[in-house]
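Please open the structure in your viewer with the sequence panel beside it, and follow the stops below in order.

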Amino acid sequence: MSGLEVRDVHHAYDGVPSLRGVTLAVGEGEIVALLGPSGCGKSTLLRLSAGLERPTAGSIAVGGREVAGGRLHVPPERRGVGMVFQDFALFPHLTVAANVAFGLADRPAPERRSRVEEALRRVGMEAWAERHPHQLSGGEQQRVALARALAPGPAVMLLDEPFSGLDAEVRRRVRDETRAVLERAGAATLLVTHDAEEAMQLGDRIALLADGALVQVGAAEDLFFRPATAFAAGFLGETTRLDGRVAA
């Protein structure tokens, strides 16, 4: 499977475990929503996949090529990974077009222009190319951040709660637009969220994380109707608990 492969990954901050033996694969063209409560290790797994941190054990592969494991650590810019941060991290002094072109500095000028135009066209922002981030709405900034991540043609897209700063009405619309863009791009996508509804709407599969370990991985229907644990049942919807005893 090409895309993203995380194999038995462990991580700790100052000796305190943040990830415990996580194994997860995201196929080419697939969107996996990484769901869980705050502090469960979701963003840590994204940062490890991007190369912003190193795992203490286990390995990570992007597009079938190992990029982390043992002493191996391929830097972020050589992983073929695009990342959209929670705060979008756009450069305020650069135009929209210049923001999108930022990761294309090593490409010839004609190719750079072509990729910027194509990326902005994908997200419907070509008319805003010469504006600056402060002249855009939150939803428009999110689309520019997505275009910037897509412009180099990454094998893997990583999104860290990209809709959390948007109001409810804009969030619903931008989520639909983002899913359509990601489907057309065909990259393996891992999207972090703490919102179960968002995970069910966006993910082809959901990976539910708690206390640094995967609880259950599957389609939304599987997690909702066939939860593996009481935690999974409670996290994806309201539950009624009955105390009982198993008898022969």
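Which residue in strand 4 is the bridge partner of Val6? Select Val6 and look across to strand 4, where its bridge partner is Ile60. Before going further, note that this is a predicted model, in which local features need pLDDT of at least 70 and side-chain atom pairs count only at pLDDT 80 or more, while totals for chains, interfaces and linings use all residues. Residues are numbered from 1 along each chain as its sequence is written, and side-chain values use heavy atoms, with hydrogens and water left out.

**The open sheet**

Now select strand 1 (residues 3–13) together with strand 2 (residues 16–27), which pair in the antiparallel sense over eight bridges. Strands here are DSSP runs of E with at least two residues, helices are runs of H or I with at least four residues, and both are numbered from the N terminus; two strands pair if DSSP finds at least two bridges between them. Within this pairing, His11 stands opposite Leu19 in strand 2. Strand 1 and strand 2 form a hairpin with two residues between them, and Asp14 in the turn has a positive phi of about 50 degrees.

Add strand 4 (residues 57–62) to the selection: five bridges join it to strand 1, and the two run antiparallel. One position to highlight is Leu4, which stands opposite Val62 in strand 4. With the whole sheet in view, five strands can be followed in the order 2-1-4-5-6, forming an open sheet with antiparallel pairing. Strand 2 and strand 6 (72–73) stand at the edges, each with a single partner strand, so one side of each is left without a neighbour in the sheet.

Stay in strand 4 and select Ser59. Ser59 has a relative accessible area of 12% and is therefore buried, where buried means under 20%, exposed over 50% and partly exposed in between, with a 1.4 Å probe and protein chains only. Leaving aside its neighbours within four places in sequence, Ser59 is in contact (heavy atoms within 4.5 Å) with Glu5, Val6, Arg7, Val9, Glu66, Ala68 and Gly69.

**Helix 1**

Next select helix 1 (residues 42–50), where seven of the nine residues are buried, so that the helix is largely enclosed by the rest of the structure. Colour the buried ones, which are Lys42, Thr44, Leu45, Leu46, Leu48, Ser49 and Ala50. Just after helix 1 comes Gly51, which takes a positive phi of about 95 degrees.

**Two loops**

Move to the loop between strand 7 and helix 2 and select Ala89. Ala89 is not a glycine, yet it has a positive phi of about 55 degrees, and at 33% relative accessibility it counts as partly exposed. For a second case, select Glu161 in the loop between strand 8 (156–160) and helix 5 (168–185). Glu161 is likewise not a glycine and has a positive phi of about 45 degrees, but at 13% relative accessibility it counts as buried.

**A buried leucine**

Where does Leu208 lie? Leu208 is found in strand 10 (residues 205–210), and its relative accessible area of 0% makes it buried. Leaving aside its neighbours within four places in sequence, Leu208 is in contact with a set of residues that includes Leu35, Gly36, Leu223, Phe231 and Leu236. Draw a distance from Leu208 to Ala33 as well: the two are 175 residues apart in sequence and 8.3 Å apart in space, C-alpha to C-alpha.

**A surface patch**

Finally, switch on the surface and select Met200, Phe224 and Phe225, which make a nonpolar patch of about 320 Å². Such patches are made of residues with over 30% relative accessible area and no salt bridge, in which nonpolar side chains (Val, Leu, Ile, Met, Phe, Trp, Tyr) are joined within 5 Å and like charges within 9 Å; a salt bridge is a side-chain nitrogen of Lys or Arg within 4 Å of a carboxyl oxygen of Asp or Glu. Accessible areas come from the Shrake-Rupley method with a 1.4 Å probe, and for residues only the protein chains shown count as cover. Phe225 lies in helix 7 (residues 220–225) and is exposed, with a relative accessible area of 61%.
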